[in-house]
Amino acid sequence: MNHKSEVIKMHSQKMLSEIKRLPCVICGNSPVEVAHNNQVDLLKESSAKASDFFIIPLCRNHYIEYDQFQKMNRSQSVEWFNQMLEKTELMLILKNHDDVF
């Protein structure tokens with residue numbers, strides 16, 4: 001099995017729980033839904049779900065916008081997701097989430 005396939009199949013209940021405790025990475029509202037990076041090329045070749053290590057917290061409204069490409073196209077969403085992933089990682093480090101808004 002190649003390395004990319006191994007990464008894509010990584011699941012973590014701990015990571016999911018931590019992300020669900022965060023506010024929406026865009027507006028700061030709660031509760032959130034966990035948005036997986038569904039742009040990974042390998043997902044097209046497999047029925048595997050994206051790794052739980054590439055997820056961001058989104059409120060319901062922002063989740064729908066992202067999932068249905070309402071405000072950006074597929075290629076724009078790849079860059080946007082990566083930016084939001086960096087912000088999510090910062091939110092996990094900081095105790096006061098207001099510092100990232």
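This is a short guided tour of the structure, going from the whole chain to its core and then to its salt bridges.

**The whole chain**

Start with everything selected, and keep in mind that the model is a predicted one. Coloured by secondary structure, the protein chain shows four helices and two strands, and if you follow the chain along its sequence these elements come in the pattern α-α-β-β-α-α. Of the 101 residues in the protein chain, buried ones make up 38%. If you switch on the surface, the accessible area of the protein chain is about 6600 Å², and 49% of that belongs to carbon and sulfur atoms. Among the contacts in the protein chain that have a separation of 6 or more, 68% are between residues 24 or more positions apart.

**The nonpolar core**

Next, move inside to the largest nonpolar core, which has 21 residues. Select α2 (13–20), β1 (33–36), β2 (55–58), α3 (60–67) and α4 (74–93), since these are the elements that give two or more residues to this core. Which element gives the most to this core? It is α4, with five residues. In soluble globular proteins, nonpolar side chains tend to be buried together.

Now pick out I56, L58 and W80, the residues with the most contacts inside the core. Stay with I56 and display what surrounds it: leaving aside neighbours within four places in sequence, I56 is in contact with I19, V25, E33, V34, A35, W80, F81, M84, L85 and T88. Two names in that list are worth keeping in view, namely W80, which is in contact with I56 and is also one of the core residues with the most contacts, and E33, which is in contact with I56 and appears again at the next stop.

**The salt bridges**

The structure holds two salt bridges. For one of them, select R60 and E33, whose side chains meet with 3.0 Å from N to O. Because R60 lies in helix α3 and E33 in strand β1, this pair ties together parts that are 27 residues apart in sequence. Are these two residues buried, partly exposed or exposed? R60 is partly exposed, with a relative accessible area of 45%, and E33 is likewise partly exposed, with a relative accessible area of 26%.

For the last selection, go to K71 and E65, which form a salt bridge whose closest N and O atoms are 3.5 Å apart. Here K71 counts as exposed, because its relative accessibility is 65%, over the 50% cut-off for that class.

Methods
Residues are numbered from 1 along each chain as its sequence is written. This is a predicted model: local features need pLDDT of at least 70, side-chain atom pairs count only at pLDDT 80 or more; totals for chains, interfaces and linings use all residues. Side-chain values use heavy atoms; hydrogens and water are left out. Buried means under 20% relative accessible area, exposed over 50%, partly exposed in between (1.4 Å probe, protein chains only). Contact means heavy atoms within 4.5 Å. Accessible areas come from the Shrake-Rupley method with a 1.4 Å probe; for residues, only the protein chains shown count as cover. A nonpolar core is a set of buried Ala, Val, Leu, Ile, Met, Phe, Trp, Tyr and Cys residues joined through side-chain atoms within 4.5 Å. A salt bridge is a side-chain nitrogen of Lys or Arg within 4 Å of a carboxyl oxygen of Asp or Glu.
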